[in-house]
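The following paragraphs offer a guided reading of one structure for a reader who is new to it. Please keep the sequence and the model in view while following the text.

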Amino acid sequence: MKQENKSINLNILLGSLFLGYVMVYIDKLSVGISIVSISKDLPMSESTKGLILSAFFLGYALMQVPMSFAINRFGARKVVIGSVLLIGFFDFLFGLSPSVQMLLSVRLLTGMLAHSGYASASSKEVIENFPVEKRTFAKGILISSSGVAGIIGPILLSPIIEIKGWRFAYTLLTLLAITIAIVISFAIPDFQERSRQNYLYFNRLEKPNHLDFVCGCLFH
């Protein structure tokens, strides 16, 4: 692991995880920003608005423990990338929603599958890649993403929703999530695959070459 860490640019790794966190928090804020515009397109009561906002957190809470097992089973890298991709996928579905029922379902699934694993998986990436003395600083940077998202999210989304509509805004969020997921995939090396390749390589080196052995016996 130490040799692998040397090949990682920790600044790029931290920056990509930060971008992922910003995406996570903007998505959390997005419904609160767009709910007024959504209610004009899909009429709903105030209690229904509250349900749409709460459905996300219900799904998020339900999947915390199962997602921890998924991180151990599939690895933090896959969960981090998959979380951001799923945010984009569910934002796309949310923007296409023809009914209040679908809005509720999509936000529930967003909390369950897209958001529940990102924080734990990114923390594991910090623990596995950063030296002990830099971990607190790295986690502090990641936590600050909530404030950054709280500033830029409304500034960016509000005028887009007002001018182009909430469905168009969610299409842009989809593209943003896909872009960030691609950046993260390049920033976090796939050590499981690299370790497997290294194992096969060194295993071949350790095996005797029987052809060389036979030739050596014949010509010596």
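In this predicted model, the backbone oxygen of V36 lies 2.7 Å from a polar atom of the side chain of S39. S39 belongs to helix α2. Is S39 buried or exposed? Its relative accessibility is 15%, and because residues under 20% are classed as buried, S39 counts as buried. Apart from its neighbours within four places in sequence, S39 is in contact with M44 and K49.

The helix that holds S39 may now be followed as a whole. Helix α2 covers residues 10–41, which is 32 residues. At 1.5 Å a residue, such a helix should span 46 Å, and the C-alpha atoms at its ends are 45 Å apart, so the two values agree. Along its course, α2 bends by about 55 degrees at I35. At the N-terminal end of α2, N9 acts as a cap: a side-chain oxygen of N9 lies 3.0 Å from the backbone nitrogen of N11.

A further helix, α7, comprises residues 118–129. How do α2 and α7 run relative to each other? Their axes come within 11 Å and cross at roughly 170 degrees. Angles over 145 degrees count as roughly antiparallel, and the two helices are therefore roughly antiparallel to each other. Where they meet, α2 contributes L10, L13, S16, L17, G20, Y21 and V24, while α7 contributes Y118, A119, S122, E125, V126 and N129.

Methods:
Residues are numbered from 1 along each chain as its sequence is written. This is a predicted model: local features need pLDDT of at least 70, side-chain atom pairs count only at pLDDT 80 or more; totals for chains, interfaces and linings use all residues. Side-chain values use heavy atoms; hydrogens and water are left out. Helices (H or I, at least four residues) and strands (E, at least two) are DSSP runs, numbered from the N terminus. The expected span of a helix is 1.5 Å times one less than its number of residues. The bend at a residue is the angle between axes fitted to the seven residues ending there and the seven starting there. A polar contact is a pair of N or O atoms within 3.5 Å; within protein, one must be able to donate a hydrogen and the other to accept it, and residues adjacent in sequence count only if both atoms are side-chain atoms. Buried means under 20% relative accessible area, exposed over 50%, partly exposed in between (1.4 Å probe, protein chains only). Contact means heavy atoms within 4.5 Å. Axes are lines fitted to C-alpha atoms, for helices over the stretch in contact, and angles run from 0 to 180 degrees between N-to-C directions. Angles under 35 degrees count as roughly parallel, over 145 as roughly antiparallel, 65 to 115 as roughly perpendicular and the rest as oblique.
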